[in-house]
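Me: I have a model open and would like to practise reading it feature by feature. Could you walk me through it?

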Amino acid sequence: MGFVLAWLPSDHYYRDICIVTLTAAFLATLLSIRFYLRITAGRCFTETKMEGKTVIITGANSGIGKETAKDLAGRGARIIMACRNLETANAVKDEIVKETNNNKILVKKLDLGSQKSVREFAADIVKTEPKIDVLIHNAGMALAFRGQTSEDGIELTMATNHYGPFLLTHLLIDVLKKSAPARIVIVASELYRLASVNVNKLNPIGTFPAAYLYYVSKFANIYFARELAKRLEGTNVTVNFLHPGMIDSGIWRNVPFPLNLPMMAITKGFFKTTKAGAQTTIYLATSDEVANVSGKYFMDCKEATLNAGAMDMEKARQIWEESVKLVKLTPQDPKI
């Protein structure tokens with residue numbers, strides 16, 4: 001009898017089996033989620049050539065901006081890489097030239113967090129470029145907890161992600177109109193759904209945590225894009241905006257230790273690669289399917305829906321008017 005009882009499974013045995021089973025189920029679920037995200041990620045299948053086209057891409061030295069530049073260069077476009085870090089940008093330029101055999105790649109200095117830099121860049125473009133076929137607002141930044149203030153006295157995330165592109169578009173709009181048909185592509189984010197834009201506090205210095213302002217800035221991008229499209233009706237300059245997906249890119253580099261450890265595991269395991277994340281930008285910059293589409297939101301190379309708040313055109317107008325003041329547009333600057 002004692003011999004038989006010794007061979008019966010113990011409570012520890014059942015517990016261990018339960019743990020192994022649950023762990024296996026958890027891992028299988030994670031792998032299934034990862035597989036689903038991979039197969040449902042949009043891909044740009046258009047083979048449109050871009051010879052003779054001039055494309056400006058902000059933040060083209062890394063992440064999805066780099067992949068966008070590489071793809072469009074491979075299509076024959078003349079690429080202007082508008083970047084803050086010239087050393088990195090020139091290294092990426094050499095890489096793109098070598099890979100695509102396209103020598104029509106230029107690097108120009110642009111710090112979107114500095115209105116002086118934006119004006120200097122725009123003045124150079126207006127002076128040297130007879131046309132701009134596509135303007136891609138790709139550059140973006142995110143801080144973690146404590147915010148920073150730009151040299152213009154504007155919260156740095158908002159200065160870089162919203163006010164810089166807003167000012168740059170104004171300063172280049174006459175060239176874009178002259179180049180029509182032309183396109184403006186704005187990289188926004190689905191993370192806008194986690195935020196709201198306070199029209200009474202459009203320079204949110206002191207917000208904690210500062211990471212929240214990334215979401216706010218992406219919401220501001222959407223309001224800007226929709227109002228811009230409305231104001232450009234009839235000019236043959238289209239404006240569309242997109243969610244690239246959650247991307248394993250440098251935008252997460254400001255997450256501090258030790259929070260960066262689980263963040264790293266999530267990004268490497270479940271986020272899109274930068275190449276996959278660039279697909280919708282490439283689609284909007286090249287596809288004939290959207291040649292006459294403007295003011296729309298895209299995700300995975302398909303039109304997507306916005307929440308009710310993002311459809312508020314009166315709020316979009318108010319944010320526009322306040323943005324005009326914060327970027328200090330003058331009567332001599334181009335009007336939209």
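Reply: Happy to; we will go through the sheet, a helix, a single residue and the cysteines. Keep in mind that this is a predicted model.

Me: Let's begin with the sheet. In what order do the eight strands lie, and is the sheet open or closed?

Reply: The general idea is that strands of a sheet pair through backbone hydrogen bonds, either parallel or antiparallel. Here the sheet is open, with its eight strands in the order β3-β2-β1-β4-β5-β6-β7-β8 and mixed pairing. At the edges are β3 (105-109) and β8 (302-303), each pairing on one side only.

Me: How many bridges join β1 to β4, and do these strands run parallel or antiparallel?

Reply: Strand β1 (residues 54-58) and strand β4 (residues 134-137) run parallel and are joined by three bridges. To find one of them, start at I57, whose bridge partner in β4 is I136.

Me: Which strands does helix α10 touch?

Reply: Helix α10 (residues 279-286) packs on the sheet and touches β4, β5 (182-187), β6 (237-243) and β7 (296-299). The direction of α10 makes about 165 degrees with that of β5.

Me: Now a helix. What span should α5 have, given its 14 residues?

Reply: Use the rise of 1.5 Å a residue, counting one less than the number of residues. For α5 (residues 115-128) this gives an expected 20 Å, and the end C-alpha atoms are 20 Å apart, so the two agree.

Me: Which residues of α5 are buried, and where do they lie around the axis?

Reply: The buried ones are Q115, S117, V118, F121, A122 and I125. Viewed down the axis, the buried residues of α5 fall within an arc of 155 degrees, so they line one face of the helix. They pack against β1, β2 (78-83), β3, α6 (156-178) and α11 (313-326). On the face turned away from that buried side you will find the exposed residues K116 and K127.

Me: What about a single residue: is A220 buried or exposed?

Reply: Buried means under 20% relative accessible area; A220 has 1%, so it counts as buried. A220 sits in helix α7 (residues 212-231). Beyond its neighbours within four places in sequence, A220 contacts M158, H162 and V197. A220 and S196 are 24 residues apart in sequence, while their C-alpha atoms are 8.9 Å apart in space.

Me: Finally, how many disulfides are there?

Reply: A search of the whole structure finds zero. As for individual cysteines, C83 is buried at 1% relative accessibility, and C301 is buried with a relative accessible area of 12%.

Definitions and conventions
Residues are numbered from 1 along each chain as its sequence is written. This is a predicted model: local features need pLDDT of at least 70, side-chain atom pairs count only at pLDDT 80 or more; totals for chains, interfaces and linings use all residues. Side-chain values use heavy atoms; hydrogens and water are left out. Helices (H or I, at least four residues) and strands (E, at least two) are DSSP runs, numbered from the N terminus. Buried means under 20% relative accessible area, exposed over 50%, partly exposed in between (1.4 Å probe, protein chains only). Contact means heavy atoms within 4.5 Å. Two strands pair if DSSP finds at least two bridges between them. Axes are lines fitted to C-alpha atoms, for helices over the stretch in contact, and angles run from 0 to 180 degrees between N-to-C directions. A disulfide is a pair of cysteine sulfur atoms within 2.5 Å. The arc is that of the directions from the helix axis to the C-beta atoms.
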